[in-house]
Amino acid sequence: MSRRTFLKQAVAGSTGIALLGCKSDGISPTPASGGAFPRIISTWQHGLAANDAAWKTLQSGGSGLDAVEAGVRVPEADPEVRSVGYGGYPDREGIVTLDACIMDAQSRCGSVAFLRDIKHPISVARLVMEKTPHIMLCGDGALEFALEQGFERENLLTEASRLDWEKWKETSEYRPVINIENHDTISMLLIDGQQNLYAACTTSGAAWKMHGRIGDSPIIGAGLFLDNEVGAAAATGLGEAVIRTAGSAMIVEAMRHGMSPDEACRMVVERISNLHKNDPDWENLQVGFIALNKRGVYGSYSLRPGFDFAVTDKTTPSKMVKAPYALG
Ligand code: SD4
C-alpha cells in the first residue's frame with residue numbers, strides 16, 4: 001500500500017467511514033463477522049487451545065470469568081509457547097517475568113506485573129481482584145501475595161529458552177531488542193449467553209526486555225479494557241506503543257460512539273502509526289488489536305501482516321481469522 005493510500009484510509013478510518021481496501025490476504029476478513037453469543041476470541045494460534053478450554057468451562061456451567069481464566073492458563077502452562085508463562089523468553093538478565101490482568105462484566109479488575117517464578121499469573125491477578133482492596137500488584141509484592149495464596153514457586157526458564165537467551169547474548173551486546181517476531185501475548189475476550197463480557201490477558205512480555213520492564217498487558221486500559229455496556233478490546237505487539245495511546249480503552253470508547261469493532265481497532269492502529277512512523281525502529285514495530293462488542297460482533301486490525309486470532313462460537317468450529325492490516 002502506498003503511503004498516500006494509507007493516509008487516505010487513515011482519514012476515512014478516523015472519521016468512522018466504512019473500511020475500504022484494507023488488506024487481509026483475502027482470508028476471513030473480519031468485517032464479515034455478524035453478532036453471536038456466547039463467543040470467544042483470542043490472539044494468535046495458541047488462542048485455539050485456549051478457546052477450547054474456555055468454551056468447555058462455559059459449557060460445563062462455569063462463569064465467564066472462570067472461562068477466561070481457564071482458557072489463558074493453557075498457554076501459560078505450555079512450554080512450547082515462548083511468549084506466555086512457563087517457557088516464555090526471559091528478560092536480558094535471563095529471568096522470566098510475567099504480566100497479566102483480568103476484568104469482568106462489573107468492571108472489576110485485577111492485575112500482576114513483573115511477577116516471577118509463578119506459572120499462572122492470571123490466577124494471581126484474579127485473586128488480586130477478589131481478595132485485596134487493590135487492582136495491581138507487582139514484583140516482590142505480587143510474588144509474596146501469590147505465595148501467601150498457596151501458589152508454588154517454580155523455575156519458569158526452560159532449557160530451550162535458556163539456550164536461546166545464551167545465543168541472543170552473543171550478538172546482542174546486551175541491548176533489549178524491539179522485534180516484531182518476539183512477542184505473542186494471549187488476550188482473550190468472551191461474551192457469554194447473557195451478553196456479559198469478560199477478558200483476560202497474560203504474557204512474558206517482550207523478549208530480552210530490561211529487567212523490571214512492564215508492558216501494556218497488565219495495564220487496564222492499555223493492553224486490555226472492557227465496559228459491559230459497550231464491548232471489550234485487547235492488544236498484542238509492542239507494549240510501549242500501546243500504552244502511549246491507551247489503546248484498548250480508546251477502542252472501547254470509539255465503539256461506544258458508534259464505530260464497529262474493526263473501525264475502532266483500525267483507528268487506534270492508525271494513531272499509533274502516526275506517532276511512530278519516524279522512529280528508528282519503525283520497521284520492527286508491530287501492534288494488533290482485537291475487539292468484541294456487546295452484540296458479539298468481533299473485529300481486529302494490525303499495523304503489519306501476520307497477526308491472527310482464534311474465534312470460537314456455537315455455530316462454527318474454532319477457526320483462525322487473519323486481521324486486516326495497514327502496511328503490506
Ligand atoms: C508487551 N504487548 O509486553 C506485550 C507483548 C505482546 O504479543 O503483546 N506480544 O509489550
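How far is an oxygen atom of the ligand from an N or O atom in the side chain of threonine 236? In this predicted model, the distance comes out at 2.3 Å. The ligand is a good place to start, since the protein covers 100% of the 290 Å² of accessible area that the ligand has on its own. After that, here's a quick run through some buried positions, a cis peptide bond, two positive phi values and a loop arginine.

**The ligand and its shell**

- Start with the neighbours: 14 residues surround the ligand, and the closest are Thr185, Arg213, Asp216, Thr236 and Gly237.
- By residue type, that shell splits into 8 polar, 3 charged and 3 nonpolar residues.
- The space that the ligand takes up is the largest cavity.

**Polar contacts to the ligand**

- On the nitrogen side, aspartate 216 has a side-chain N or O atom 2.5 Å from a nitrogen atom of the ligand.
- Threonine 236 also uses its side chain, with an N or O atom 2.3 Å from a ligand oxygen.
- Glycine 239 comes in through its backbone instead, where an N or O atom lies 2.8 Å from an oxygen atom of the ligand.
- Glycine 239 also belongs to helix α7, which covers residues 239-244.

**Two buried spots**

- Serine 111 sits in strand β3, which runs over residues 109-116.
- Is serine 111 buried or exposed? Serine 111 has a relative accessible area of 0%, so it counts as buried.
- The side chain of serine 111 has a partner, too: it reaches the backbone oxygen of proline 218 at 2.7 Å.
- Valine 269 is part of helix α9, residues 261-276.
- With a relative accessible area of 0%, valine 269 is buried as well.
- If you want a distance from valine 269 to another part of the chain, try threonine 245: the two are 24 residues apart along the chain, and their C-alpha atoms are separated by 9.3 Å.

**Backbone oddities**

- Phenylalanine 37 and proline 38 are joined by a cis peptide bond, with omega at about 0 degrees.
- Proline 38 belongs to the loop between α1 (3-14) and β1 (39-43).
- Tryptophan 208 isn't a glycine, yet it has a positive phi of about 65 degrees.
- You'll find tryptophan 208 in the loop between β6 (197-203) and β7 (224-227).
- Why does tryptophan 208 count as buried? Its relative accessibility is 8%, and the cut-off for buried is under 20%.
- Alanine 246 is another non-glycine residue with a positive phi, here near 45 degrees.
- Look for alanine 246 in the loop between α7 (239-244) and α8 (247-256).
- Alanine 246 has a relative accessible area of 28%, so it is partly exposed.

**An arginine in a loop**

- Where is arginine 153? Its place is the loop that links α5 (139-148) and α6 (159-172).
- Arginine 153 is partly exposed, at 49% relative accessible area; a residue has to be over 50% to count as exposed.
- Arginine 153 and leucine 143 are 10 residues apart along the chain, with 8.6 Å between their C-alpha atoms.
- Leucine 143 itself falls within the residue range of α5, 139-148.

Methods
Residues are numbered from 1 along each chain as its sequence is written. This is a predicted model: local features need pLDDT of at least 70, side-chain atom pairs count only at pLDDT 80 or more; totals for chains, interfaces and linings use all residues. Side-chain values use heavy atoms; hydrogens and water are left out. A residue is near a molecule or strand if one of its heavy atoms lies within 4 Å of it. A polar contact is a pair of N or O atoms within 3.5 Å; within protein, one must be able to donate a hydrogen and the other to accept it, and residues adjacent in sequence count only if both atoms are side-chain atoms. Accessible areas come from the Shrake-Rupley method with a 1.4 Å probe; for residues, only the protein chains shown count as cover. On a 1 Å grid over the protein atoms alone, a cavity is a set of points where a 1.4 Å probe fits but cannot get out, and a pocket is an open set with protein on both sides within 12 Å along at least five of seven lines; lining residues have an atom within 4 Å of a point. A molecule sits in a cavity or pocket if more than half of its atoms lie within 2 Å of its grid points. Ala, Val, Leu, Ile, Met, Phe, Trp, Tyr, Cys and Pro count as nonpolar, Asp, Glu, Lys and Arg as charged, and the others, Gly among them, as polar. Helices (H or I, at least four residues) and strands (E, at least two) are DSSP runs, numbered from the N terminus. Buried means under 20% relative accessible area, exposed over 50%, partly exposed in between (1.4 Å probe, protein chains only).
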